[in-house]
Amino acid sequence: MNNKIISLDSNDVVLFERDTFTLFRLKELIEAQVKYKWTRKTYDEDTQKANDRIYSLLDTISINSEQIDVKVIEFNTFKNCQILKVGGKGWENGELKIQVSILINCKQSMWRYRDVERDEINIYFEFSSLESIETKSPLDDLRQIIQSQ
């Protein structure tokens, strides 16, 4: 038995513990939060001043004298919920996978003075229903023959 992966539409409704959203609205809210947090400044406790922005901490990896430019940053999380599909038969219990992908749009020569508004944020959803898929056993036909005798 496997969990059933259900394709989702932007008009489908997701119910968390207390809040309900269409997937379209949930995507808008997540994107707004990511954009807001992506451009926030960090705080340096030693100097007690605002420091680098979050994106500037994550857009390159420095290893000794090597610089590795990061092109995509992805976050995945899972949240238990219920989904109501448009035209469906009712609420389905399961787990919503939320994938956030940030595509960093910047040329190397302009890296320090880059326009974060050009960064592309994509949100993807995948729902895994707790209702299991019954897989047919090769022995099912044999069982049916035995039961009919």
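A residue is called buried when its relative accessible area is under 20%, exposed when that area is over 50%, and partly exposed in between, with a 1.4 Å probe and protein chains only. By this rule Asn-64 is exposed, with a relative accessible area of 80%.

The model described here is predicted, so local features need a pLDDT of at least 70 and side-chain atom pairs count only at pLDDT 80 or more, whereas totals for chains, interfaces and linings use all residues. Residues are numbered from 1 along each chain as its sequence is written, and side-chain values use heavy atoms, with hydrogens and water left out.

## The chain as a whole

The protein chain holds three helices and ten strands, where helices (H or I, at least four residues) and strands (E, at least two) are DSSP runs numbered from the N terminus. Read from the N terminus on, the elements follow the order β-β-β-α-β-β-α-β-β-β-β-β-α. Of the 149 residues in the protein chain, 25% are buried.

Asn-64, the exposed residue named at the start, lies in the loop between strand E6 (60–63) and strand E7 (66–69). Most residues other than glycine have a negative phi. Asn-64, however, is a residue other than glycine with a positive phi, near 55°.

## Helix H1 and its buried side

Helix H1 covers residues 23–38, which makes 16 residues, and it reaches 22 Å from its first C-alpha to its last, close to the 22 Å expected at 1.5 Å a residue; the expected span is 1.5 Å times one less than the number of residues. The buried residues of H1 are Leu-23, Leu-26, Ile-30, Val-34 and Trp-38. They lie on the same side of H1, because they cover an arc of only 95° around the axis, the arc being that of the directions from the helix axis to the C-beta atoms.

Helix H1 also contains Lys-37, which counts as partly exposed at 49% relative accessibility. The C-alpha atoms of Lys-37 and Ile-54 are separated by 7.4 Å, although the two residues are 17 residues apart along the chain. A similar kind of pairing can be described for Asn-51, which lies in strand E5 (residues 49–53) and is partly exposed at 37% relative accessibility. The C-alpha atoms of Asn-51 and Lys-41 are 5.9 Å apart, while ten residues separate them along the chain.

## The second largest pocket

On a 1 Å grid over the protein atoms alone, a pocket is an open set of points where a 1.4 Å probe fits, with protein on both sides within 12 Å along at least five of seven lines, and its lining residues have an atom within 4 Å of a point. The second largest pocket holds about 200 Å³ of space, a volume being the space filled by probe spheres set on the grid points. Its lining consists of Ile-30, Gln-33, Val-34, Lys-37, Trp-38, Phe-75, Val-100 and Ile-102. H1 gives the largest share of this lining, five residues, and both H1 and strand E9 (91–103) supply at least two residues. The lining divides into six nonpolar residues, one polar and one charged, where Ala, Val, Leu, Ile, Met, Phe, Trp, Tyr, Cys and Pro count as nonpolar, Asp, Glu, Lys and Arg as charged, and the others, Gly among them, as polar.

## Salt bridges

A salt bridge is a side-chain nitrogen of Lys or Arg within 4 Å of a carboxyl oxygen of Asp or Glu, and by this rule the count comes to four. The table gives the N to O distances for pairs among them.

| Acidic residue | Basic residue | Closest N and O atoms |
|---|---|---|
| Glu-92 | Lys-4 | 3.9 Å |
| Asp-12 | Lys-85 | 2.9 Å |
| Glu-31 | Lys-35 | 3.4 Å |

Glu-92 lies in strand E9 and Lys-4 in strand E1 (residues 2–6), so this pair ties together parts that are 88 residues apart in sequence. Glu-92 counts as buried at 15% relative accessibility, whereas Lys-4 is partly exposed at 28%.

Asp-12 lies in the loop between E1 and strand E2 (13–15) and Lys-85 in the loop between strand E8 (72–84) and E9, so this pair ties together parts that are 73 residues apart in sequence. Asp-12 is buried, with a relative accessible area of 1%, and Lys-85 is partly exposed at 22%.

Lys-35 and Glu-31 are four residues apart in helix H1 and therefore separated by about one helical turn. Lys-35 is partly exposed, with a relative accessible area of 39%, and Glu-31 is partly exposed as well, with 22%.
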